[in-house]
Structure formats: structure tokens, C-alpha cells
Amino acid sequence: MLPHPGTGALPTRPDPDALVLQLRRDDERARRGKLRIYFGANAGVGKTFAMLGAAQREKAAGRDVVIGVVETHGRADTAELTAGLETLPPQQLPYRDRILPEFDLDAALARRPATLLVDELAHTNAPGARHDKRWQDVQELRDAGIDVWTALNVQHLESLNGTVGAITGIRVHETVPDTVFDSADELVLIDVTPDELVARLQAGKVYLPQQAERAAQNFFRKGNLIALREIALRRTAERVGDDRLHWRIETPRDAPATEADTVLCCVGPRPGAEQAVRAAARLAGLRNQRWSAVYVETPRLQRLPAAERDRTLAVLKLAEELGASTAVLTGPEVAQALAQHATQHGFSTLVMGRAAPRTGWSAWWSRLARPPLRSRLAGLAPALDFWEVPAAASTRRLGATPLPPDELPTAHQRRWPGFVWSAAVSVALVLTLHPFSGAFELANIVMLFLLGVVLIAFRFGRGPAALAALLNVLAFDFFFVPPRLSFGVTDVQYLVTFAVMLGVGLLIGQLTARLRFQARIAASREARTQNLFELSRELSAALLPEQIAEIGEAAVRRNFGGQAHVVVADEHDRLPASAALPEGVDASVADWVYRNGQPAGLTTATLSAHAWHYLPLAAPMRIRGVLACRPEHARWLLIPGQQQLLQTLTRQIAIALERVHYVDIARQAVVQMESERLRNTLLAAMSHDIRTPLTALVGQAETLQSAGASLSAPSREQLLSGLVATARQMQGLVINLLDMARLQSGAITLRSEWQSVEEVVGAALASAAPALVGVAVRTDIPADLPLVEFDAGLMERVLVNLLENAAKYGAPPIVVSARAGDDTLELQVRDHGPGLPAGSTQDLFGMFIRGEFESGTPGVGLGLAICREVVAAHGGTTGAADAEGGGAVFTITLPRRPAPAVD
């Protein structure tokens with residue numbers, strides 16, 4: 001390839017994989033409905049009014065526009081714009097002795113308009129609706145190919161929720177993930193000045209008079225409106241910048257953009273961690289970078305209260321909604337785990353919450369005991385950039401589902417038995433050693449006390465070991481150090497002994513607790529790896545969808561406990577009816593998951609009232625079914641590590657189902673191809689080798705009928721001989737077809753008797769005489785050849801086929817020979833023709849295989865196939881080879897046993 005003129009560089013060729021991926025994305029984008037968001041800084045700027053005005057223009061242009069739900073808030077001018085537009089009736093949902101009207105998603109999917117208006121994107125649906133949030137309804141509508149118009153205020157964006165709350169002092173709980181906002185195809189900014197908005201509020205065009213008065217005193221202060229307007233304008237500008245960047249990346253004439261550095265967010269157990277997640281999402285969005293959120297589980301953090309652990313999992317869930325990949329890391333120290341994870345995955349920026357400042361001696365002691373996390377990270381990962389985010393009050397609502405006390409499968413044991421054992425070991429050591437206090441040196445007694453601390457630390461961990469160390473020091477001082485039975489010390493050197501005992505005991509407890517924690521992590525990972533290995537091994541041996549379903553259900557129960565059921569789609573892409581499902585599995589929920597390819601049920605935002613968790617079995621080509629599980633502890637489904645494990649299990653099951661599906665398709669294709677080949681071969685043979693003799697028979701018969709009386713005797717004799725020869729040829733073809741059909745169906749029964757080989761060869765020569773006219777045939781059969789047990793009729797048919805085959809494709813003389821071995825009989829038929837065709841000689845014994853593919857020699861290629869089947873029925877073998885000196889030789893080997901004595 002020549003360089004471009006003036007550049008000296010080779011032209012860049014597009015990456016084929018990138019082109020295929022881009023084509024797939026374009027195809028998905030074309031099938032998916034478009035989303036238009038009317039975006040504003042505050043309520044009352046005219047988002048709904050502008051949306052309805054555009055809908056009226058679309059309606060006037062003849063387009064199909066339907067109102068799914070529109071909130072007018074009592075504004076008359078807005079309500080007037082709904083006139084003439086079709087409006088879907090709301091869905092009535094009962095809730096606490098009330099009936100709540102909600103957007104009817106099923107009615108919208110059934111109506112399927114070209115454009116649907118769904119106001120209030122951040123709205124929270126009433127209990128009983130399919131999805132918890134309205135933006136999830138919009139996502140399903142887009143997946144169905146319906147264009148959606150909606151409205152959104154800036155304070156409802158998840159990443160800006162904390163910033164807006166800090167400015168206005170009012171926090172909203174209804175939020176929309178930034179990923180939904182960024183996925184919009186069109187963004188329409190509705191902007192008015194703060195003064196005009198205040199005038200609208202006073203004129204009653206925003207809220208009713210009572211609400212307007214309260215809003216003017218709180219949220220609608222001019223300073224708040226200016227700040228919100230600035231945030232909305234900036235967010236819109238960022239979105240326009242993203243659109244321009246995507247256009248540049250997708251434009252062929254521009255160089256493709258390289259992947260930028262990535263952002264890592266560290267989630268801690270302290271309140272306000274949501275703000276760090278939001279800041280990381282905003283930073284990644286500004287830079288157009290991928291980002292991740294992690295939580296580091298250490299032995300100390302494992303002992304946190306359940307409420308703090310719930311808060312951490314809720315923050316990780318928030319990060320997932322904002323587009324992050326999440327993970328729970330385990331390690332003895334936070335800084336080390338974070339630095340290792342950032343280095344391995346190429347993160348360049350770390351976002352973390354700012355720790356609350358400490359004052360007084362506690363701050364001095366904490367800095368002395370352990371440097372701040374940022375200082376430790378700077379030493380472990382010097383190339384990492386740090387962003388510290390100030391803490392803010394959390395607005396994330398936690399679910400009512402209780403969460404597990406730790407991330408590992410092993411339950412956290414109650415610690416009070418360890419403290420009891422610590423005291424018991426100390427008392428036992430005192431009772432055991434006190435009678436020998438005069439015989440043992442104090443140094444040996446100290447060693448025995450330290451041994452007790454080691455045993456307690458190994459069995460019960462850090463806390464009981466610390467208590468054992470303290471009790472052992474006190475017991476050693478009270479019972480063994482002079483003056484005894486007193487805590488007084490006469491020798492100051494014993495203070496050093498006490499300090500060393502206490503320090504060694506605490507150090508041993510710390511090290512042992514860390515080792516136990518790492519051992520639990522290693523055991524958990526080993527168990528997961530072993531389970532995945534066993535699942536892969538079992539699935540690789542499964543041949544039926546039922547076996548795969550059974551293996552998959554057992555694997556899910558083995559890892560999560562509880563119940564599990566794999567629902568496999570049939571060949572018509574339908575799931576089984578509810579009657580075929582176990583109790584508790586909802587067929588409608590499973591069907592929705594199968595059709596939409598998204599999880600639903602327990603711990604999800606879709607149909608969350610159900611007690612089962614539903615996951616689609618997504619294979620590389622398509623969805624193969626649904627996994628429904630009800631784990632022993634529902635809280636495990638909220639932990640990222642457990643979610644990844646469950647997704648891995650479903651992926652393995654789906655791939656196995658797809659493998660079996662395509663194996664079955666391949667088998668059917670092979671059978672169909674073979675049947676087609678046999679059918680075509682048989683039709684070709686029939687059309688050539690049967691139609692030709694039939695035509696000759698008809699012609700000869702008509703000649704006899706029309707001119708029989710006028711023909712001379714020699715002519716009539718010749719014509720009759722031709723009729724007989726043609727009829728015999730037809731008879732041979734039909735006999736071969738019938739014989740092969742009987743052999744293939746297993747209807748042939750051998751009538752084995754002791755036979756003379758010479759007699760069977762003579763009968764075969766007599767039967768093949770019409771085909772051997774003018775052909776020299778010799779026999780080479782010893783006179784002392786013993787009797788052999790076989791079916792004389794079938795073996796005669798075998799020899800006839802071999803003789804006819806030699807006469808058709810070989811050259812005289814034809815030699816028939818027989819030899820007897822110790823336990824075998826060998827029959828050979830040899831000709832002196834051109835020999836066998838090139839290729840595998842065993843292929844000649846297949847059905848409809850002929851020595852010459854294009855030949856005028858009659859036959860359908862069944863003679864040698866019949867020979868092979870008959871000989872195989874006798875327990876023998878057939879073979880063919882080129883003979884020395886030219887020609888071909890066909891060999892039949894039959895087993896034999898000693899013949900009975902003959903009088």
C-alpha cells in the first residue's frame with residue numbers, strides 16, 4: 001500500500017471488528033424507539049407546555065401521537081393543549097384503601113403509537129406497578145420501538161441531586177440515572193429567566209395559590225433559581241459536547257478516539273458516600289471515561305453494624321444505576337487493596353469521600369497510629385490522581401430486606417464464646433501451673449501463658465486473644481511474681497515482662513485474625529472456582545435441555561441455597577405454561593423477563609413484590625430461557641460478588657442450552673442432507689436405469705403388437721430375446737432395491753446350514769449367466785475344501801452381484817477362488833480390467849456408489865452394498881483392492897468352525 005502524498009504515512013484501514021460492532025449498534029439503534037427529553041431548571045419553565053405544543057404540530061402533520069400520561073397541575077393553558085390528542089386511560093392500582101391512577105404500560109404497548117407522551121420522567125410508580133420508576137417504563141417502551149417524549153427537571157438528575165440539595169436546602173427522593181439522560185436521542189432545553197419564572201409563580205401558572213405561596217418562600221427564591229438555571233445550562237452544554245464527541249468518533253474521516261484514562265470511586269461505610277459516587281459519575285461523564293466503584297472489606301469493616309453495611313450496598317447499587325461497574329474487594333488493609341486494584345485495571349483517578357476532621361488528642365493519636373488513607377495510597381500508587389469530595393447528607397433510601405453480616409458465605413460467628421474461653425484458659429493455666437510455681441522458672445511460665453494466647457487467637461480471633469493476653473498478664477503478676485497474691489511488683493524488670501507479654505499477645509491476635517480472614521477469603525474463592533469448574537464439566541457432558549436445566553438448578557442451589565428453577569424455551573420461542581412451573585414461579589414474570597432480556601422480581605426495580613428473582617438465560621445468539629431462584633438469604637443478591645457469581649452461572653447454563661440446540665440442528669441438518677442425497681441418487685438411478693429399460697420394453701412390445709404378423713421368424717426371435725433380456729435387467733434392479741430395503745430394515749433372517757462352497761459358486765455362475773455372455777470365467781476351488789456354515793441363498797446373491805460387477809466394470813477373464821484357513825473361509829472374485837477408481841476402496845460398498853459416476857453401464861450402485869450387508873450379517877468382512885498384474889479383486893472373509901463328520 002502506497003503512502004498518502006505529502007504525508008509519508010500509510011493510510012489507516014478500518015478495523016473489521018469495529019465496523020461489525022458499529023453496524024450492530026446502528027441496527028439496535030434503528031430498532032429502538034427514540035427518546036426526547038424536555039429539560040428545564042425548575043418546575044414552571046414550560047416543559048409540558050412545549051411538549052404538548054410540539055405534539056399538536058405532529059398531530060396536524062398526520063403523525064400518530066398519543067398521550068400516555070401528562071401532569072397539568074391544574075394549569076388551564078396546559079390542559080387546553082391536550083384537546084384533540086388521544087389519551088390512554090390510566091391504570092387503577094389499589095393501595096392502602098385507596099385507588100391510585102398510574103400510567104398503563106401494557107395499554108401503551110398494545111396501542112403501540114408512533115410517538116407517546118409520558119410526563120414526569122422521575123415519577124415513582126405506585127406499589128403493584130410493573131416497575132418501581134417511570135423511567136423504567138420509558139426504557140421498555142423504547143425497547144418495543146416506540147418513540148417517547150418526556151419532561152425532566154435538573155434536580156431530579158441523580159448525579160446532581162446532592163449539589164442541588166446543598167444549594168436549595170431541599171432534597172428530592174425521585175431521581176433519574178444519568179445514563180437514561182445521556183441515552184436520550186434529543187434534548188430540548190426549556191429556559192426562562194428567574195424574574196419571569198417568579199412572575200409565572202405569582203400569576204398561578206406554576207402551582208395553585210396555596211402551594212405557590214410556600215414555594216416562593218422556600219424553593220423559588222431568586223438565588224436558588226439563578227443557581228439551578230446555571231446548573232441546567234452547564235449540564236445541557238456537557239450533553240452537546242458529548243454529542244459532538246460521539247459524532248467525531250463515528251465520522252470515518254476523523255481518526256478514532258483512543259480510550260481515555262478511567263475513574264475509580266472508593267465507597268466507604270461512612271454516611272455521605274453517595275456524594276463521592278455522584279462526583280465520580282460527573283467526572284467520568286465530563287471526560288467521557290468508564291468508571292468503577294469498589295468497596296474494600298477488611299476484618300475491621302466486617303464487624304460493622306448491619307445498618308452501615310446496608311448503606312454501603314445501597315451506594316453500590318446507586319453506582320450501578322449511574323453506569324459504573326461495581327465490586328467488593330477483600331484484603332487486610334484498604335490502601336493496599338485499592339492500590340493493587342487500580343494498578344491492575346489501569347485506573348488513573350481515584351475519587352473518595354473526605355474524612356471528617358478530628359481535633360485534639362484523638363487526631364494526634366490517629367495520625368501517629370496510622371497515616372491517613374490518602375498518604376498511604378500516595379506511597380503505594382504514586383501515579384494515581386486523588387479527588388476528595390466533601391461529605392453530604394445521604395438521601396438514598398434503603399430497602400427493608402435484611403442484608404448479610406458479611407460478604408462471604410460463612411456466617412459471622414458470635415464472639416461471646418471466645419471471651420468465655422479466654423477466661424477459662426487463663427483460669428486453667430493458673431490452676432495447672434500454680435502447684436509447680438517453685439519448680440518452674442518464671443520464663444517458662446511466661447511461655448506457657450503465651451501458648452494459651454496463641455491457641456485462643458487461632459480459634460477465636462483478635463478480640464478473645466486480646467482479652468486472654470490481658471488476663472494472662474494479670475494472672476502472672478498476681479499468682480507468680482513476688483510478692484504473690486498481690487499486684488505489687490518489687491522488681492521493676494517485671495514491668496518489661498508484662499509489657500512484652502501483653503504486646504506479644506496483642507500482636508499474635510492481630511496476625512491470627514488477619515490470617516483467618518485471608519483463609520476464609522481463599523476458601524470462599526476456592527469453593528466458587530470449584531463449583532464453576534464442576535458446573536462446566538457437568539454441562540459439557542449434558543446432551544438434553546432437561547439435563548442442563550437439572551444441572552443448572554443444582555448449581556444455583558449449591559451456591560445460594562433455597563430454590564431454583566430453569567425455564568427453557570421451546571422450539572417456538574415460548575415458555576411453558578404456568579401449570580408446568582413449580583409453585584411460586586410466576587409465568588407472566590418469567591415471560592416478561594424472557595421477552596425483554598432484563599432481570600425482574602426480588603431485589604430488582606421491576607415487579608419487586610415477587611418473592612423469586614428472575615434472570616434471562618442470555619446466550620451469545622439469543623435468550624434461551626429464564627432462571628428463577630429464591631435464595632436462602634435474599635440479601636445475598638444485593639452483593640456485587642454474589643451478583644456476578646449468579647450471572648456467571650446463568651451465562652454457563654445459557655451457553656450449554658445454545659450448544660445443545662445447535663447440536664440438534666446440526667444433527668437434523670446431517671440427516672436431512674443424507675436423506676436428500678439418497679433421494680436424489682435414487683431418483684437419478686430410477687430415471688436412468690429403470691426408465692431406459694421400461695422405454696425399451698414398451699417399444700419392443702408395441703413393435704410386436706403392430707408388426708408381429710409381418711415379421712420373419714428370426715426377427716421375431718431376436719425381438720423376443722431383447723424383451724427377455726430387458727425384463728431380466730429390470731428384475732435385477734428391482735431385486736437389488738428390495739434386498740437392500742429388507743437388509744436395512746432388519747427383516748432378513750439367516751438360514752445357516754452346512755454348505756458346499758463349490759455348489760454355491762456353481763449356482764451363482766448359473767444365475768449370472770445372462771450377464772456373463774461372452775465373458776470367460778475360471779474357478780479355482782480346491783477339491784478338499786471343507787463344508788462351511790452359511791445361508792446358501794444369500795451367499796449365492798453375493799457372488800452373483802460380484803460377478804455382475806466384474807462383468808460390467810472389469811475385463812475377462814474373471815477368476816473365482818476359495819481358500820480355507822484355520823477358522824476362516826476366503827472367497828475372491830477377480831477381474832483383469834482397469835482396476836479400482838482412485839480414492840477409498842471402502843466407499844465402493846456404500847449405497848448408490850458406482851465405479852463410474854458418468855457411465856452408460858446400467859445399475860443403481862446397490863450390488864456391493866448388498867454384499868457388505870449380507871457378509872456382515874454372517875459375521876464376516878468385505879474388502880477390495882487392486883490385483884497384481886492389473887484388475888481388481890474383491891475378497892469375502894467368513895468365519896467358520898470345524899465341519900461335522902460325514903458318513
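**Figure 1. N805 and the residues around it.** Leaving out residues up to four places away in sequence, N805 touches G810, L864 and F890. All views in this set come from a predicted model. N805 belongs to helix α25, which covers residues 792–809. With a relative accessible area of 17%, N805 is buried. One of its contacts, L864, turns up again in Figure 6.

**Figure 2. A cis peptide bond between P812 and P813.** Here we look at the bond that joins P812 and P813, which is cis, with omega about 0°. P813 is found in the loop between α25 and β21 (814–820). As background for this view, most peptide bonds are trans.

**Figure 3. The whole chain at a glance.** Before more close-ups, a brief overview may help. The protein chain holds 26 helices and 24 strands. Of its 903 residues, 41% count as buried. Take the contacts between residues at least 6 apart in sequence: 71% of them join residues at least 24 apart.

**Figure 4. An aromatic pair made by Y38 and W149.** How many aromatic pairs does a search of the whole structure find? It finds two. In the pair shown here, Y38 and W149 meet edge-to-face, with 6.4 Å from centre to centre and 65° between the planes. Y38 sits in strand β1 (residues 35–40) and W149 in strand β7 (residues 147–153), so the pair ties together parts that are 111 residues apart in sequence. Y38 is buried, at 4% relative accessible area, and W149 is buried too, at 6% relative accessibility.

**Figure 5. Arginines over aromatic rings.** W149 has a further partner in this view: R36 lies over the face of W149, at 4.1 Å from the ring centre. Elsewhere in the chain, the ring of F347 has the charged end of R290 over it, 5.7 Å from the ring's centre.

**Figure 6. Two nonpolar cores.** The largest nonpolar core has 51 residues. Which of them touch the most other members? They are C265, V267, V277, W291, I548, V556 and L646. Helix α22 (residues 640–707) gives this core its largest share, eight residues. A second core, of 34 residues, lies apart from the largest one and includes A768, A818, L864 and C867. In general, nonpolar side chains in soluble globular proteins tend to be buried together.

**Figure 7. A closer look at V556.** V556 is one of the residues that touch the most other members of the largest nonpolar core. Setting aside neighbours within four places in sequence, V556 is in contact with G561, A564, L627, C629, L646 and L649.

**Figure 8. The second largest cavity.** The structure holds five cavities of 30 Å³ or more. The second largest has a volume of about 70 Å³. Its lining is made by A41, N42, V45, I190, D191, V192, T193, P194, L197, L225 and R229. Two helices, α8 (194–202) and α10 (222–250), each supply at least two residues of this lining.

**Figure 9. Helix α5 and the glycine that follows.** Is helix α5 largely enclosed or largely open? Nine of the 10 residues of α5 (residues 134–143) are buried, so the helix is largely enclosed by the rest of the structure. The buried residues are R134, W135, Q136, D137, V138, Q139, E140, L141 and R142. Just after α5, G145 takes a positive phi of about 90°.

**Figure 10. Two arginines with positive phi.** Most residues other than glycine have a negative phi. R96 has a positive phi, near 55°, and R112 has a positive phi near 50°. R96 is in the loop between β4 (91–95) and β5 (98–102). R112 is in the loop between α4 (105–111) and β6 (115–118). R96 is exposed, with a relative accessible area of 67%, while R112 is partly exposed, at 48%.

Technical notes. Residues numbered from 1 in each chain as written. Predicted model: local features only at pLDDT ≥ 70, side-chain atom pairs only at ≥ 80, totals over all residues. Heavy atoms only, no water. Phe/Tyr/Trp six-rings, centres within 6.5 Å; stacked < 30°, edge-to-face > 60°. Helix = DSSP H or I, 4+ residues; strand = E, 2+ residues; numbered from the N terminus. Buried < 20%, exposed > 50% of the residue type's maximum accessible area, 1.4 Å probe, protein only. Lys NZ or Arg CZ within 6 Å of the ring centre and 35° of its normal. Core = buried A, V, L, I, M, F, W, Y, C linked by side-chain atoms within 4.5 Å. Contact = heavy atoms within 4.5 Å. 1 Å grid on protein atoms, 1.4 Å probe; cavity = no way out; pocket = protein on both sides within 12 Å on 5 of 7 lines; lining within 4 Å. Points joined across faces, edges and corners; volume = space filled by probe spheres on them.
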